[in-house]
Every structure is written in C-alpha cells, then in structure tokens.
Amino acid sequence: MRILQLISSAGFFGAENVVIELASSLAASGDSVTIGVFSNRHARGAGSCELAVQARARELRTEVFECGGRVDLRTVAAIRRYCTENGVEVIHSHGYKSNIYSYLANRALKIRIVTTCHNWINTSSKMSLYTRLDKFFIKRFDCVAAVSEDVKLQLLEAGVKPERLKVIGNGINIERFKVSAKTSEKIRESFGIPPATTVVGTVGRLSPEKGYGFFLEAAKEILAEKKDCYFIFVGDGGERTGLEELSKSLGIAGRVIFAGKRSNIPEMLSAMDLFVLSSLTEGQPMALLEAMAAGVPAVSTSVGD
C-alpha cells in the first residue's frame with residue numbers, strides 16, 4: 001500500500017515520534033510510506049522541518065510541502081499533485097492543520113483519508129479555535145484513530161461515528177532504550193552531578209500543559225527533606241525562561257538542570273533514577289512509554305492513558 005503520513009510540525013515531539021515509529025514499522029512490513037512535512041514559513045520555520053531531518057536519518061522517504069499561510073491553496077494543490085503522481089492510496093494525517101489540508105486535497109482525489117487524534121490542547125483561545133475546526137473536519141474522515149480511551153470519548157462527543165473510530169495505542173521500539181551503565185555515568189558527569197545522588201527527570205516540550213511548575217514546587221519540598229537530589233528537564237520550549245525564574249525564586253536553581261533539546265533520549269533517561277510526568281492533559285504520552293522502556297520508575301499525574 002502507498003501511504004502519505006502528513007503532519008504540520010513545530011519540532012520533534014510526541015506526535016512526530018509516533019509518525020517516525022509508525023512509518024518505520026509500515027515500511028518494514030512492505031508498505032510504501034512517505035512522511036510529508038509542512039515547511040511553515042509563516043511560523044518563522046521554527047523547527048518545522050526537524051521531523052524531515054530525523055526521518056531521513058532513519059532512511060525514511062520524506063516530502064516537504066512549502067506552506068506560506070494558515071490556508072495556502074498552493075500547498076493543497078502540491079499535496080494533491082504528489083498523491084496523483086505517486087499513486088498514493090491513503091493519506092494518514094496527524095493534527096488539525098494536516099487534517100484540514102488532507103480533506104481539502106482529497107476533494108478531488110477521492111482516496112482514503114485517515115487521521116490519528118493524539119490529543120486536543122486548549123491552553124489558549126487560538127488553540128480552542130483550532131480544536132473546533134479540527135472537530136468539524138475530523139468527522140468527515142474515513143477512519144479516525146484515538147491514542148487512548150479518553151481521546152476516544154472526546155471524539156465521540158465531537159460527533160465522530162463509532163464505526164469509523166478505533167483506539168490504537170502508541171508504540172515504540174524498546175531496543176533503542178537498552179543503554180549501558182557506563183553511559184549513564186558519563187551523562188551524569190557531563191552535567192556535573194556528583195556520584196551517589198538521586199536524579200529525578202522529565203522529558204518533553206516546555207509548554208503550559210506539561211505542568212512543570214508543579215514539578216518544581218514538588219522539587220522544593222523534596223529538597224527540604226532529601227538534600228542529595230538533582231532535577232533535570234530534557235526539552236525546550238516557550239516556558240523555559242519562566243521555569244528558570246521559578247526555580248530561582250524557589251531557591252532550588254542550583255539543583256535544577258535545563259538540558260535543552262536532546263537527540264539522545266535513551267541515554268538521558270538512563271541517567272535518571274525516577275521519571276516524572278506532571279502533565280495537565282495527555283493522550284498517551286510517548287515520554288512515559290519511553291521511560292518505562294528504559295526501565296526507569298515513573299510517577300505520573302492521572303491524565304489520558
């Protein structure tokens with residue numbers, strides 16, 4: 001089967017990870033898969049093609065679709081042309097923007113369109129508007145995959161027909177997370193973490209829905225009783241400056257490490273004694289699955305799956 005996996009990306013996060021793993025598995029099963037990524041010039045290109053770089057590193061076929069606005073009809077035409085010239089049989093989209101473009105491109109193609117709903121994040125009026133648009137278009141897809149039972153309930157409430165809806169949990173390649181003890185020691189040393197200390201960490205985009213302020217407040221309480229602890233954030237995002245300031249105001253900045261965006265997630269996880277997911281909303285978090293695959297005990301808020 002010839003499949004176009006389509007996503008509008010702002011970096012390499014959970015949904016992008018899902019696309020990579022899915023495309024890799026489909027290709028290994030004999031399907032012809034292309035990962036289509038929007039190059040969002042109107043969004044200053046902030047990480048929009050990072051997924052393409054990661055995909056090519058995994059020897060996965062990629063196609064970058066130039067996009068100059070919220071609704072760029074030239075991009076719709078480019079997707080339609082690519083599907084026609086390459087005999088695409090299924091467009092599998094991820095996220096509100098790719099859903100809209102998939103639907104518009106398919107009005108002339110009349111092929112199968114499916115989508116995976118990872119989660120709706122309504123942290124602003126703009127995101128709430130995008131969610132409403134997504135709910136309008138998603139009902140018109142041939143098949144909708146929900147990553148969790150909670151997301152399934154949201155989709156049913158949005159009007160998706162039960163017969164078009166499937167729950168398909170996220171998956172990862174656990175072989176990637178087998179890391180030696182020496183690697184763990186090297187990672188700790190690189191951040192100046194003394195031996196025989198406890199490292200509590202998290203991995204994810206530094207954004208409001210991740211609840212990292214609560215993580216820092218909990219860190220302060222822990223340090224009041226257990227001095228030999230370090231707390232590490234792996235990832236980057238718009239909340240970083242605010243979180244750094246919060247760690248200073250809480251008086252724990254010396255024990256908090258902001259490691260920034262990293263490509264060596266298995267190695268970073270190996271350096272942790274405990275993984276924390278403090279999110280306020282999730283679908284089925286890839287970061288939590290990865291921590292489990294790495295054998296790191298995890299504490300999580302009760303959200304999503």
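## A walk through the model

A polar contact of 2.8 Å ties the side chain of Ser207 to the side chain of Glu209. That's our way into this predicted model. To find the spot, go to the loop that runs between strand E8 (198–203) and helix H8 (212–225), since Ser207 is found there. Is Ser207 buried or exposed? Its relative accessible area is 11%, and the cut-off for buried is under 20%, so Ser207 counts as buried.

Another serine makes a nice companion piece. Ser247 is part of helix H9, which covers residues 240–249. Here the relative accessible area is 3%, so Ser247 is buried. Its side chain reaches a backbone atom: the oxygen of Glu244, at 2.7 Å.

Now for the nonpolar interior. The largest nonpolar core has 29 residues, and Ile79, Ile91 and Leu155 are the ones with the most contacts inside it. Which elements give two or more residues to this core? On the strand side they are E1 (2–7), E3 (61–67), E5 and E6, and on the helix side H3 (73–85), H4 and H6 (149–157). H3 gives the largest share, five residues.

Take Ile91 from that group of well-connected core residues. You'll find Ile91 in strand E4, residues 90–94. Its relative accessibility is 0%, and because buried means under 20%, Ile91 counts as buried. Try a distance check from here too: Ile91 and Ile111 are 20 residues apart in sequence, and their C-alpha atoms are 7.8 Å apart in space.

Helix H4 gives two or more residues to the core as well, and a quick geometry check works well on this helix. H4 covers residues 96–109, which is 14 residues. At 1.5 Å a residue the expected span is 20 Å, and the end C-alpha atoms are 20 Å apart, so the two values agree. Plenty of this helix is out of reach of the probe: Lys97, Ser98, Asn99, Ile100, Tyr101, Ser102, Ala105, Asn106 and Leu109 are buried in H4. Notice that the buried set in H4 includes Lys97, Asn99 and Asn106 alongside Ile100 and Leu109.

Step just past the end of H4 and you meet Lys110, with a positive phi of about 60°. Why pause over a positive phi? Most residues other than glycine have a negative phi. Lys110 has its positive value although it is not a glycine. Lys110 lies in the loop between H4 and E5, and at 67% relative accessibility, with exposed meaning over 50%, Lys110 counts as exposed.

Glu59 tells a similar story. Glu59 is not a glycine, yet its phi is positive, about 60°. This residue is found in the loop between helix H2 (50–57) and E3. Its relative accessible area is 75%, so Glu59 is exposed.

What about empty space? Rolling a probe the size of a water molecule over the atoms shows where empty space is left. Counting cavities of 30 Å³ or more gives one. The largest cavity has a volume of about 40 Å³. Its lining is made up of Ile187, Phe191, Ile193, Val199, Ile232, Met268, Ala271 and Met272. By class, that lining has eight nonpolar residues, no polar ones and no charged ones.

The open spaces give another picture. The second largest pocket has a volume of about 270 Å³. Of the 16 residues that line this pocket, Leu22, His92, Thr116, Ile168 and Gly169 are the closest to its centre. Helix H1 (14–28), strand E5 (112–117) and strand E6 (143–146) are the elements that give two or more residues to the lining. Its classes are mixed: nine nonpolar, six polar and one charged. E5 and E6 should ring a bell, as they also give two or more residues to the largest nonpolar core.

Finish towards the end of the chain, with Gly304. Gly304 lies in the segment after strand E12 (298–300). Its relative accessible area is 32%, so Gly304 is partly exposed. As a last distance check, Gly304 and Lys261 are 43 residues apart in sequence and 24 Å apart in space, C-alpha to C-alpha.

Technical notes
Residues numbered from 1 in each chain as written. Predicted model: local features only at pLDDT ≥ 70, side-chain atom pairs only at ≥ 80, totals over all residues. Heavy atoms only, no water. 1 Å grid on protein atoms, 1.4 Å probe; cavity = no way out; pocket = protein on both sides within 12 Å on 5 of 7 lines; lining within 4 Å. Points joined across faces, edges and corners; volume = space filled by probe spheres on them. Nonpolar A, V, L, I, M, F, W, Y, C, P; charged D, E, K, R; others polar. Helix = DSSP H or I, 4+ residues; strand = E, 2+ residues; numbered from the N terminus. Expected span 1.5 Å × (residues − 1). Buried < 20%, exposed > 50% of the residue type's maximum accessible area, 1.4 Å probe, protein only. Polar contact = N/O pair within 3.5 Å; in protein donor to acceptor, adjacent residues only side chain to side chain. Core = buried A, V, L, I, M, F, W, Y, C linked by side-chain atoms within 4.5 Å.
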